[in-house]
Amino acid sequence: MDLGLAGKSVIVTGGASNIGRAISLAFGAERAVISILDRDAKQTARTVAEIGAAGGDAAGFALDVTDSAATTEAVARVERERGPVAVLVNNVGWNGDARFFLDLPPERWDKAYRLNLFPTFNVTHAVLPAMVERRAGAIVSIASDAAFGEYRMADYGAMKAGVLAFTRTIAKEYGRFGIRANAVSPRLVIP
């Protein structure tokens with residue numbers, strides 16, 4: 001299938017494994033220029049090599065997307081070395097063991113926020129100004145069906161609901177600049 005992505009610069013956060021890997025491979029098949037932002041350097045190298053072996057163009061950037069300064073620097077580097085970012089896929093996320101609401105300590109809520117909601121804000125904030133300047137771009141954020149309420153997933157579901165609300169806001173605020181913002185809410189995926 002040709003989606004018209006050949007040669008376009010794409011960032012996939014958490015693009016080295018699981019859903020992110022599948023997304024990265026799909027962009028590779030479309031001949032996009034993929035930049036994987038992932039803190040697992042070893043797995044990132046494997047995914048980049050796999051895309052390259054299939055004839056795609058991918059590069060890995062070892063990065064913790066909860067670090068604002070490092071994220072801004074990485075996005076600037078992608079823009080310089082890999083081309084203007086046409087598509088951002090906010091895929092980073094974490095879901096700990098399922099617990100009832102009363103069994104979730106404050107530290108767990110903080111971790112859920114730092115790994116499920118903040119990266120979406122952070123990377124979008126780094127990518128969006130150049131998209132606005134170019135008056136073009138697409139932002140796809142991976143949420144979850146847990147955003148609609150899921151048994152023993154109050155922390156994760158609340159953060160993914162935040163991803164949905166944030167995505168709607170970006171679409172409303174920046175659609176006038178030719179930027180599309182959408183969210184996808186998959187069910188449980190077993191790697």
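This report walks through the pockets, the nonpolar core and the aromatic rings of the structure above, and ends with two residues and their distances from a third. Keep in mind as you read that the model is predicted.

**Two pockets**

Let's start with the open spaces. The largest pocket holds about 870 Å³ of space. Its lining is made up of 31 residues, and those closest to the centre of the pocket are N18, G93, W94, N95 and Y156. If you want to find this pocket by its helices, look for helix 1 (18-29) and helix 5 (154-174), the elements that give two or more residues to its lining. Helix 1 makes the largest share, with 3 residues.

The second largest pocket has a volume of about 170 Å³. Its lining consists of L5, K8, P84, V85, A86, V87, R134, A136, G137, A138, G178 and R180. Here strands come into play: strand 4 (85-90) and strand 5 (137-142) each supply at least two of the lining residues. The largest share, 3 residues, comes from strand 4.

What kinds of residue line each pocket? The table sets out the classes.

| Pocket | Nonpolar | Polar | Charged |
|---|---|---|---|
| Largest pocket | 15 residues | 9 residues | 7 residues |
| Second largest pocket | 7 residues | 2 residues | 3 residues |

**The nonpolar core**

Now turn to the largest nonpolar core, which has 23 residues. Which of them touch the most other members? They are I11, L88, V127, M131 and I139. Several elements each supply at least two residues of this core: strand 3 (57-62), helix 3 (68-82), strand 4, helix 4 (106-134), helix 5 and strand 6 (179-184). Helix 4 gives the largest share, 5 residues. You have met two of these elements already: helix 5 also gives residues to the lining of the largest pocket, and strand 4 to that of the second largest pocket.

**Rings and charges**

The model has 5 aromatic pairs. One of them joins F101 and W109, whose ring centres are 6.2 Å apart and whose planes meet at 75 degrees, so this pair is edge-to-face. Planes over 60 degrees apart are what earns a pair that label. Are these two residues buried or exposed? F101 counts as exposed because its relative accessibility is 52%, and the cut-off for exposed is over 50%. W109 has a relative accessible area of 24%, so W109 is partly exposed.

Rings can also have a charge sitting over them, and there are two examples to look for here. The charged end of R114 sits over the ring of F118, at 4.4 Å from the ring centre. In the other example, the charged end of R152 sits over the ring of F100, 5.2 Å from its centre.

**G83 and N182, seen from G7**

To finish, pick out G83, which lies in the loop between helix 3 and strand 4. G83 has a relative accessible area of 17% and is therefore buried, since buried means under 20%. How far apart are the C-alpha atoms of G83 and G7? They are separated by 8.9 Å, although the two residues are 76 residues apart along the chain.

N182, by contrast, belongs to strand 6. With a relative accessible area of 43%, N182 is partly exposed. Along the chain N182 is 175 residues from G7, and their C-alpha atoms are separated by 22 Å.

How values were computed:
Residues are numbered from 1 along each chain as its sequence is written. This is a predicted model: local features need pLDDT of at least 70, side-chain atom pairs count only at pLDDT 80 or more; totals for chains, interfaces and linings use all residues. Side-chain values use heavy atoms; hydrogens and water are left out. On a 1 Å grid over the protein atoms alone, a cavity is a set of points where a 1.4 Å probe fits but cannot get out, and a pocket is an open set with protein on both sides within 12 Å along at least five of seven lines; lining residues have an atom within 4 Å of a point. Grid points are joined across faces, edges and corners, and a volume is the space filled by probe spheres set on the points. Helices (H or I, at least four residues) and strands (E, at least two) are DSSP runs, numbered from the N terminus. Ala, Val, Leu, Ile, Met, Phe, Trp, Tyr, Cys and Pro count as nonpolar, Asp, Glu, Lys and Arg as charged, and the others, Gly among them, as polar. Rings of Phe, Tyr and Trp (its six-membered ring) pair if their centres lie within 6.5 Å; planes under 30 degrees apart count as stacked, over 60 as edge-to-face and the rest as tilted. Buried means under 20% relative accessible area, exposed over 50%, partly exposed in between (1.4 Å probe, protein chains only). A charge sits over a ring if NZ of Lys or CZ of Arg is within 6 Å of the ring centre and within 35 degrees of the ring normal. A nonpolar core is a set of buried Ala, Val, Leu, Ile, Met, Phe, Trp, Tyr and Cys residues joined through side-chain atoms within 4.5 Å.
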